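Dear colleague,

Here is the structure I promised to pass on to you, with my notes on it underneath. Please look through it before reading further.

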Amino acid sequence: MDVIQHKIVFTLFGILPIRDTVLYTWITMGIIIAVVLILKLLKPNLLEYILEAVISILDDAMDVDNLHPYIPLLGSLMIFTLFANLISIVPGMKSPTADINTTIGLALIIVFSVHVYGMIKKGVWSYLKEFASPVFMLPVELIGQFSRTLSLSMRLFGNILSGDLIVAIVFSIVPYFLPIALTAITMVSGVLQAFVLTTLAALFISSAVEINEEDQRIKAENAEKRRLRKLSKMSEKGNN
Amino acid sequence: MENMTPEVLIIIVTTIVAGLAIVVGTMVPTWVEGKAAEKAIEGMARQPDAAPQLRTAMLISLALLETASIYVLLIVLVLLFANPLITRFFGG
């Protein structure tokens, strides 16, 4: 099957084999850059409108005070995934996200950036301490991180691959008209998957950077008690 | 049927199992997705103000539920196109 197998298209500098997924990823990147440049020249308002739409989607998903640090990652993730999912409707092209390597790469980027954002927001030690707040929860949390990566990548890969595969199978049986309907379903599923991937990444990030108010309150109370104790000690010393 | 090698037997059993798996593995998630969508639409009809939030939550949960059937599809694809049993027992 041509949809499942990924062949080496050409070799770069005689040593680097380039598979078709990489080639289609480059084409996707070129299309995104071209679309943005053309829109910037011809219709700047439309570009602004698209950006506002992306930001409002992220704003709905995330529960943070300042959205600014997360917009570059999540917005570019959404736009890239959208174009990569939709590019397979062009005849002769394959979605880069129908390859497991692309989706695992995206999922690893998301999972590691979640931790980096959490460490930046809370500090390295206090962020790492949350994973073992009761110590026996540490293996569960680690398994959770692993399965989160796996499920993010498998969901995107399976959805896009199954859409492309069904279109290919139906095309080999009934080449006229019927693949159009299935292509429409594939497009809807691709847009939905881009939305879901971005929303899940936003949810993970906002759960990592959210400051636990209960912990904060207990810490403040302890600090207050310590201060009072020190004050009383000092006053005792002064009396003596 | 007389000259059936073990390899052919494995292929036949794998095909039957793949068919059964795709039937059960799409039936159950679709049923559960229908229940989720039913509840969400009921909520939207009762409170039209909360419709956007409900729609977003419904889409996310539907995509999450869809993942189960996608896993089944992946396993079926592996069984049909890259069966690990054949290469393991018969060396390709």
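How many salt bridges does the rule find across the interface of chain B and chain A? Taking a salt bridge as a side-chain nitrogen of Lys or Arg within 4 Å of a carboxyl oxygen of Asp or Glu, the rule finds 0 between these two chains.

Please bear in mind that this is a predicted model, in which local features need pLDDT of at least 70 and side-chain atom pairs count only at pLDDT 80 or more, while totals for chains, interfaces and linings use all residues. Residues are numbered from 1 along each chain as its sequence is written, chains are lettered from A and ligands numbered from 1 in the order in which they are written, and side-chain values use heavy atoms, with hydrogens and water left out.

At the interface, 13 residues of chain B are in contact with 17 residues of chain A, contact meaning heavy atoms within 4.5 Å. The two chains bury about 1200 Å² between them, 85% of it on carbon and sulfur atoms; buried area is the accessible area (1.4 Å probe) that two parts lose on being put together, summed over both. On the chain B side, B:Ile60, B:Ile70 and B:Leu74 lose the most area to chain A, together accounting for 33% of what that side buries.

Although the interface has 0 salt bridges, a search of the whole structure finds 5 over all chains. One of these joins the side chains of A:Asp99 and A:Arg19, at 2.8 Å from N to O. This pair links distant parts of the chain, 80 residues apart, with A:Asp99 in the loop between α3 (71-86) and α4 (100-122) of chain A and A:Arg19 in strand β2 (residues 16-19) of chain A; helices (H or I, at least four residues) and strands (E, at least two) are DSSP runs, numbered from the N terminus.

Within chain B, the axes of helix α1 (residues 6-46) and helix α2 (residues 51-81) come within 9 Å and cross at roughly 180°, where axes are lines fitted to C-alpha atoms, for helices over the stretch in contact, and angles run from 0 to 180 degrees between N-to-C directions. That makes α1(B) roughly antiparallel to α2(B), a term used for angles over 145 degrees.

With best wishes

Key
Angles under 35 degrees count as roughly parallel, over 145 as roughly antiparallel, 65 to 115 as roughly perpendicular and the rest as oblique.
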